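Let's read a model together, one feature at a time. Bring your questions, and we will take them in turn.

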Amino acid sequence: MKAITKQKGLAEIERLLEKESSVFLVGCGTCATMCHTGGKDEVLEMARRLVDLGKTITGSVVIPTVCDAQDREAVSENVKAIDEADCILVMACAYGVQTLALYTDKPVYPALDTLFMGQEMSPGVFSEVCVQCGECVLGWTGGICPITACPKGLLNGPCGGAKNGKCEVSSARDCAWEVIYERLSQQGKLDNLRKRRSLRNFSASTQPGVYLLDGKDGDLK
Amino acid sequence: MNLREKLAAGRFVITCEVGPPKGVDVTEMKRSAERVRGKVDAVNVTDQQSSVMRLGSLAGCCLLNQWGMEPVFQITCRDRNRIALQSDLLSAYALGIENVLCLTGDYVTLGDHPQAKPVFDLDSVSLIETARELENGHDLAGKELNGAPRFFVGACVSPEADFIEPQIMKMEKKVEAGAQFFQTQAIYDARKFADFMSMVRHLKVPVLAGIVVLRSAAMGRYMNEKAAGIRVPENLIDEMDKASDKAAKGVEIAVRTITGVKGLCQGVHIIAIGQEKRTSDIIDAAGL
């Protein structure tokens, strides 16, 4: 599962960096590279664009994974170029932006919007796989997540909005419940759909998510 | 007698629907309602249909009550979480509204505020369950209510859905959750509707067949292409195409459909949005 991102428009990035004249760029070698939003090529392209906007680029680095402690090392290896910059523009997911911010006092700006946790189904096609609801239902839905794949997150079957097997929200998307129905039908497990599912517990995924292995996370919620 | 009592007594009932205005001028809504006064048993008030923001269905039902007509409060899960839904159900009862039609609701991006936050805390099945729980004198948190409401709880089903089995399974769950009557999505083929009715007869719940009045051949084609759970047979589209008086033909087709389904179900729900005069013509012509 990867953090699926898309680049913010240049106009928005220009507004974010309005008061900054020199910039250090950080890319990510994992998810953002796969999404073509913050790999080596995109970092070089961003540097060119920012120069065109009159910014000074003091340096850049593509950290293998921006969302972990590798940031500490990367920041110390690039300490001079970072010191010279007014700010850091991070071409990684929001997790990466927040992690990097732990290791530097410089202002950090996101160059990307983080869309969802997903996978690349075919080249250039990214799909969300899990919304981290905190109460996994895959055990009775044939391994297809209706909380994620149905825009309404329904638990008791299709809403009646599907047309020719496609979702009312987008004709490019299969109705998740029709797919689940077919899968369970093949598996001879349609009885799973006859059971009435009661209310979802949204407190299982209350924001901000907190979990302690010793089970004391309840105190923090 | 109210809707519940009429259905219990085995009367063939007629409902129709009105849409509240986008704004506060209810003149047109009142005019629409007046056209069917005395002809229908109850009038549904849509809950921001197609996710287009308008005056609320609760207020619309309250107005119908004031005008001396029996309302059916359509309530969807799109815009309210379980706290607001329960509260609105209690409010409805306190305002003299007993009929509620529990729906999932269209997705927000279909309407005129596509950037709004979609809620869908409950779904149609759990909303039905919620209404019945309130009747038992406590809320979803198990807290006791100071005075319990009593509802006549309705639900929706699409007899012409792509896959009928999941529709019927969901209908079964709605009955198990406490649904007391059904209003269907539009149907045009009485024979296929008979098949549907034979598949749900075991549920022993009143079904009101949905009749959407055709205005033109183009409307039929459009619904076939875009509208979920609606199939207008080609021969009806041809008839509309050839008719010189489209309005009269639309009424004639509706009357024919009603005649075809009358012995199969417990009532009809006629939708002729903005053309309530036709609803009245249809009821007269069908001899209801």
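**What packs against a helix**

What covers the buried residues of α4(B) includes α3 (57–66), β3 (71–76), β4 (99–103) and α5 (124–135), which belong to chain B.

Q: Before we go on, what kind of model is this?

A: This is a predicted model. Please keep that in mind throughout our chat.

Q: Which residues of α4(B) are buried?

A: Burial is a matter of neighbours: a residue is called buried if 20 or more other C-beta atoms lie within 10 Å of its own. In α4(B), that applies to R82(B), L85(B), Q86(B), L89(B), A92(B) and Y93(B). They span an arc of only 120 degrees around the axis, and therefore lie on the same side of α4(B).

Q: And what does the face of α4(B) turned away from its buried side carry?

A: There you will find the exposed residues I83(B), S87(B) and A94(B).

Q: What span does α4(B) have, from its first C-alpha to its last?

A: A helix can be checked against an expected rise of 1.5 Å a residue. Helix α4 of chain B, residues 82–94, has 13 residues and reaches 18 Å, close to the 18 Å expected. Just after α4(B) comes G96(B), with a positive phi of about 90 degrees.

Q: Now a strand. How many residues of β8(B) are buried?

A: Count them along the strand, residues 267–271 of chain B: 5 of the 5 are buried, so β8 is largely enclosed by the rest of the structure.

Q: Which residues of β8(B) point one way, and which the other way?

A: In a regular strand, side chains alternate between the two faces of the sheet. Here G267(B), H269(B) and I271(B) point one way from β8(B), while V268(B) and I270(B) point the other way, and all are buried.

Q: How many bridges join β1(B) to β8(B), and in which sense do the strands run, parallel or antiparallel?

A: Strand β1 of chain B, residues 13–18, is joined to β8(B) by 4 bridges, and the two run parallel. To find this pairing on screen, take T15(B), whose bridge partner in β8(B) is H269(B). Strand β7 of chain B, residues 207–212, also pairs with β8(B) in the parallel sense, over 5 bridges. For that one, start at L208(B), whose bridge partner in β8(B) is G267(B).

Q: What covers the buried residues of α11(B)?

A: As with the earlier helix, we begin with the buried residues. They are E276(B), R278(B), T279(B), S280(B), D281(B), I282(B) and I283(B). That is 7 of the 10 residues of α11(B), residues 276–285, so this helix is largely enclosed by the rest of the structure. The cover includes β1, α2 (27–35), α10 (246–261) and β8 of chain B. After α11(B) comes G287(B), whose phi is positive, near 65 degrees.

Q: How many residues does the contact take from chain B and from chain A?

A: It takes 29 residues from chain B and 26 residues from chain A. On the side of chain B that touches chain A, the elements giving two or more residues are α5(B) and α6(B), the latter being residues 164–177. Of these, α6(B) gives the most, with 7 residues. By type, the residues of this side of chain B divide into 13 nonpolar, 6 polar and 10 charged.

Q: Finally, why is chain A more spread out than a compact globule?

A: Compare its radius of gyration with the globule rule. Chain A has 9 helices and 7 strands. Its radius of gyration is 22 Å, well over the 17 Å that the rule gives for 221 residues, so chain A is more spread out than a compact globule. Along the principal axes, its C-alpha atoms fill a box of roughly 65 × 45 × 25 Å.

Note on methods. Residues are numbered from 1 along each chain as its sequence is written. Chains are lettered from A and ligands numbered from 1 in the order in which they are written. This is a predicted model: local features need pLDDT of at least 70, side-chain atom pairs count only at pLDDT 80 or more; totals for chains, interfaces and linings use all residues. The radius of gyration is taken over C-alpha atoms; the globule rule is 2.2 Å times the number of residues to the power 0.38. The expected span of a helix is 1.5 Å times one less than its number of residues. A residue is buried if 20 or more other C-beta atoms lie within 10 Å of its own, exposed if 12 or fewer, and partly exposed in between; C-beta atoms are placed from the backbone. The arc is that of the directions from the helix axis to the C-beta atoms. Two residues are in contact if their C-beta atoms, placed from the backbone, lie within 7 Å. Ala, Val, Leu, Ile, Met, Phe, Trp, Tyr, Cys and Pro count as nonpolar, Asp, Glu, Lys and Arg as charged, and the others, Gly among them, as polar. Two strands pair if DSSP finds at least two bridges between them.
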